[in-house]
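Biologist: Could you take one part of this model and describe it closely, with its ends, its packing and its surroundings?

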Amino acid sequence: MAYSDELLELAQDIANLHAQHPHQPSLRRAVSTAYYALFHLLISEATSNWSRPELRAILARVFDHGPMKQAADKKVSELNNYFKEKPPEGPERTLNYHLYNVADTFAQAQYHRNEADYNSAREWDLTEVLLHIDSVADAFKSWNIIRDEPRAQAYLVSMLQNKERGRLRGHALKSDPP
């Protein structure tokens with residue numbers, strides 16, 4: 001089982017730890033852990049494209065929460081414009097739906113993680129937390145459907161800071177021609 005899958009499972013377990021009488025620390029930790037599950041899924045998917053496995057962990061450290069959120073917000077905005085045009089049913093619309101789900105869920109999960117970790121005035125309830133975890137699980141499913149699509153892969157690269165994307169040009173990505 002992949003680390004991101006284990007984190008998602010852990011989020012569910014933590015949320016249900018005191019299901020009869022939920023504790024705020026458990027609910028908050030579950031929200032935060034669900035975000036990190038999606039965070040690590042996307043980073044793992046991006047770094048798996050790097051042809052040098054021994055350097056993937058180092059590459060993973062280049063990803064940062066802020067630029068990843070900015071990329072998610074930008075993708076959500078682009079796809080909102082796409083959907084306003086009322087595109088016809090078909091593979092492109094389906095792809096864009098799943099990409100929207102991943103990007104929007106990432107942005108929402110990061111917001112909720114910040115709330116859970118830093119807003120001590122906010123009270124969480126079990127139902128809300130479980131719905132949040134379910135939305136992250138749904139984003140995992142969406143990602144698995146589109147993971148090999150060029151636009152999905154481009155989205156992963158967009159999550160790197162601009163200066164880091166520039167450094168990657170000409171380096172060992174699997175998709176680069178020999």
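Modeller: The following account concerns one helix and then turns to two individual residues. The model is predicted, and the part chosen is helix 6, which covers residues 126–146. Helix 6 has 21 residues, and at 1.5 Å a residue these should span 30 Å. The C-alpha atoms at the two ends of helix 6 are 31 Å apart, which agrees with that expectation.

At the N-terminal end, helix 6 is capped by aspartate 125. A side-chain oxygen of aspartate 125 lies 3.2 Å from the backbone nitrogen of threonine 127.

The buried residues of helix 6 are Leu126, Val129, His132, Ile133, Val136, Ala139, Phe140, Ser142, Trp143 and Ile146. These buried residues pack against helix 1 (3–15), helix 2 (24–47), helix 5 (91–118) and helix 7 (150–158).

One of those partners, helix 2, contains threonine 47. Threonine 47 has a relative accessible area of 7% and is therefore buried, the cut-off being under 20%. A polar atom of the threonine 47 side chain lies 3.3 Å from the backbone oxygen of serine 44. With neighbours within four places in sequence left aside, threonine 47 is in contact with Arg56, Leu59, Ala60 and Phe63.

Proline 88 is found in the loop between helix 4 (65–84) and helix 5. Its relative accessibility is 66%, so proline 88 counts as exposed, for which the cut-off is over 50%. Between proline 88 and methionine 159 there is a separation of 71 residues in sequence, and their C-alpha atoms are 28 Å apart in space.

Note on methods: Residues numbered from 1 in each chain as written. Predicted model: local features only at pLDDT ≥ 70, side-chain atom pairs only at ≥ 80, totals over all residues. Heavy atoms only, no water. Helix = DSSP H or I, 4+ residues; strand = E, 2+ residues; numbered from the N terminus. Expected span 1.5 Å × (residues − 1). Buried < 20%, exposed > 50% of the residue type's maximum accessible area, 1.4 Å probe, protein only. Contact = heavy atoms within 4.5 Å. Polar contact = N/O pair within 3.5 Å; in protein donor to acceptor, adjacent residues only side chain to side chain.
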